[in-house]
Amino acid sequence: NSSGCTSGGSNVITVVVNATPAIPVITAGGPTTFCNGGSVTLTAASATTYLWSTGATTQAITPTTAGSYVVTVANASGCTRVSLPKVVIVNAVPATPVITPGGSSAICQGNIIILSSSTADSYVWTGGSTSSTLSVSTAGTYNVTITTNGCTAVSANKVITVNPTPTVTVTNSGTTQLCYGTTVTLTSSSATSYVW
């Protein structure tokens, strides 16, 4: 005190400093960029308790929406630490592609028809072609798979019909060696229409 007198010593207060947990690492169980309808499992490093930015209190969460996810962990002493964010990107699935034919879907043998797809980053047609258009000369069913931002969509089938080329024969009603002023009738084989 002010007189210089001292007491025998105070009571002892023990101060304990508990260790702070390491910054928790979030591990993704797959790609963190995926198409709409997909998901990824995010798992925090082992701790005593967990609190995710979503409100979940489990060690792992499975987000299906885009966002930045963090987790706060606590050890047995109650000390907490917040993770670095884990960013999840969700890309939209492209609209179902539309195949547009460059004319009638029924063509004559020997002709071609051009099929065009809706715009995308990449294309795979029936048969393996990878351009935005497909030249078709054989009958069949065709579709296209498009990819945009890593997400795919498949078109409806387009049926192409190839009609055979008719065989044409012309017959005459008499001799084709004519005298002036006489005629001969020429007759075509049967068809839908004729142009002489």
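Of the contacts in the protein chain that link residues at least 6 apart in sequence, 42% bring together residues at least 24 apart. The model is a predicted one, and this share of contacts offers a friendly way into its overall build. In secondary structure, the protein chain holds 20 strands and 0 helices.

The outline of the chain comes next. Along the principal axes, the C-alpha atoms occupy a box of roughly 160 × 25 × 20 Å. The radius of gyration of the protein chain is 39 Å, whereas a compact globule of 196 residues would have a value near 16 Å. Burial and surface can be read alongside these dimensions. Buried residues account for 20% of the 196 residues in the protein chain. The accessible surface amounts to about 12,700 Å², and carbon and sulfur atoms contribute 55% of that area.

Turning to a local feature, three of the strands can be followed through one sheet. This open sheet of 3 strands runs in the order β2-β9-β6, and its pairing is mixed. At its edges lie β2, spanning 33–35, and β6, spanning 67–69, each of which pairs on one side only. From one strand to the next, the twist averages 25°.

The pairing of β2 with β9 can be described in further detail. Strand β9 covers residues 86–91, and its partnership with β2 is parallel, with 3 bridges. Within this part of the sheet, Thr 33 stands opposite Ile 89 of β9. For a reader with the structure on screen, Thr 33 and Ile 89 thus offer a handy pair of residues for locating the sheet.

Technical notes
Residues numbered from 1 in each chain as written. Predicted model: local features only at pLDDT ≥ 70, side-chain atom pairs only at ≥ 80, totals over all residues. Heavy atoms only, no water. Helix = DSSP H or I, 4+ residues; strand = E, 2+ residues; numbered from the N terminus. Rg over C-alpha atoms; globule rule 2.2 N^0.38 Å. Buried < 20%, exposed > 50% of the residue type's maximum accessible area, 1.4 Å probe, protein only. Contact = heavy atoms within 4.5 Å. Areas by Shrake-Rupley, 256 points an atom, 1.4 Å probe, with all protein chains shown as cover. Pairing = 2+ DSSP bridges. Axes fitted to C-alpha atoms, helices over the stretch in contact; angles between N-to-C directions.
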